[in-house]
Amino acid sequence: MTRCCAGGDWCSGFVDRHRSSLNFLLLVTCYTFYLVVGAGIFSSIELPYELELREQLQEARDDFLRNNTCVSDARLEELLVRALEASNYGVSVLGNESDRNWDFASSFFFTSTVLTTTGYGHNVPLSDEGKAFCIFYSIFGIPLTLFFLSAVVQRIMVVVTQRPVSYFHRRWAMSKSKLALIHATCLTILMTVLFLIIPAWIFISLEKDWNFLESLYFCFISLTTIGLGDYVPGETHSKEANPHPQLYRLTITVYLLLGLVCALVVLETCCELPQMRRFRQRFYQESVRELDSETTNIIDREHKIDQLRDVTDHVTDTLPVISSVSEQAASLRQVSKSAPYIPVSSDNRKLR
């Protein structure tokens, strides 16, 4: 019996001493399980469509060879390989000889996708010089972009997140943690409507081959910098559908940059919630967790001091203003200088 009790005490002590490491191990296990589940679901959904598409392509190839006996299988294979290689470099053979992938608007769109690490992959450098410059350009450009986005997000956070929470905290006398959670929820809904739902409806009218799901899919994949490249706006081959392709590309670039900034603001707002901070502390190392807890205590103390200041300011506003001793002495001197000195007569002294 005593051995069981000793074993239980040792286990509880071990868990207490290594709680953060065990929590981190649990986090790694859950994330790995999430990856495995996602891979299994994608495989079960997409594999039948892939097999069906392969069969359709093989049937179309065989039908073409039967109807065109003058074309050999080897020459057709060579043509298809050549066309696919050109397509991988952003050049298509579908009658777009007047389109240019490296004019200024397209290049500006390309640089924005490279520096924001979106990388659709629909347009890539063709030459060795372009590939070398892309490496050099990205080495300095990506850190600069991250620094720029960080500075912009921090400035926007002051206006969009910190000031509204502080204002409603003073006005409604509500805890900042609840206000921050409500504010983060409202901000997420607002940004979802402005930068996902509304642009998706706009893309339906601009991209004739897209439905709402495909438009919403493009907006989400782009603003989260996933950038798969299967849907890229402005890739239509009809001049009537896109009469101003350069202006369209520039507008898309501005939308992607603004949307990325707003997405980062939402993510930063959610990550800075007090609930998220406490949850993250479970997975920190002991030294880091103690340091972060000290920072949290400092923030809590400052929050209490602000509350006390608000209360004292309210009390001092309601109470009458009492002048200081120096101000009273100065006012008495002014009165004594302005009023003439009247000596007391002897009759008055006798009466007293």
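**Exercise 1. The span of helix H6**

What span should the 31 residues of helix H6 (residues 176–206) have at 1.5 Å a residue, and how far apart are its end C-alpha atoms?

Solution. The structure is a predicted model, and the values below are computed from it. The expected span is 1.5 Å times one less than the number of residues, so the 31 residues of helix H6 should span 45 Å. The end C-alpha atoms of H6 are 43 Å apart, which agrees with that expectation. The axis of H6 also has a kink of about 35°, and this kink is centred on valine 193.

**Exercise 2. The buried side of H6**

List the buried residues of H6, and then identify the helices against which they pack.

Solution. Taking buried to mean under 20% relative accessible area, one obtains Leu179, Ala180, His183, Ala184, Leu187, Met191, Phe195, Leu196, Pro199, Ala200 and Phe203. The partners of these buried residues are helix H5 (128–172), helix H7 (212–223), helix H8 (245–271) and helix H9 (274–281).

**Exercise 3. Two salt bridges within helix H2**

For the pairs glutamate 50 with arginine 54 and arginine 66 with aspartate 63, work out the spacing along the helix and the exposure of each partner.

Solution. Begin with the general geometry: an α-helix has 3.6 residues a turn, so residues three or four places apart point the same way. Glutamate 50 and arginine 54 both lie in helix H2 (residues 19–67), where they are four residues apart, about one turn of the helix, and their side chains meet in a salt bridge at 3.1 Å, N to O. Glutamate 50 is partly exposed, with a relative accessible area of 38%, whereas arginine 54 is exposed, at 52%.

In the other pair, arginine 66 and aspartate 63 are three residues apart in helix H2, again about one helical turn, and the N to O distance of their salt bridge is 3.6 Å. Arginine 66 is exposed, with a relative accessible area of 58%, while aspartate 63, at 37%, counts as partly exposed.

**Exercise 4. Helix H3 and the salt-bridge total**

Analyse the pair glutamate 78 and arginine 75 likewise, and state how many salt bridges a search of the whole structure finds.

Solution. The N to O distance between the side chains of glutamate 78 and arginine 75 is 3.9 Å, and because the cut-off is 4 Å, the pair is accepted as a salt bridge. Both residues belong to helix H3 (residues 73–88), three residues apart and hence separated by about one helical turn. Glutamate 78 is exposed at 53% relative accessibility, and arginine 75 is exposed at 59%. Salt bridges with shared partners also join Arg61, Asp73 and Glu77 into one network. The search of the whole structure finds six salt bridges.

Note on methods: Residues numbered from 1 in each chain as written. Predicted model: local features only at pLDDT ≥ 70, side-chain atom pairs only at ≥ 80, totals over all residues. Heavy atoms only, no water. Helix = DSSP H or I, 4+ residues; strand = E, 2+ residues; numbered from the N terminus. Bend = angle between axes of the 7 residues up to and from the residue. Buried < 20%, exposed > 50% of the residue type's maximum accessible area, 1.4 Å probe, protein only. Contact = heavy atoms within 4.5 Å.
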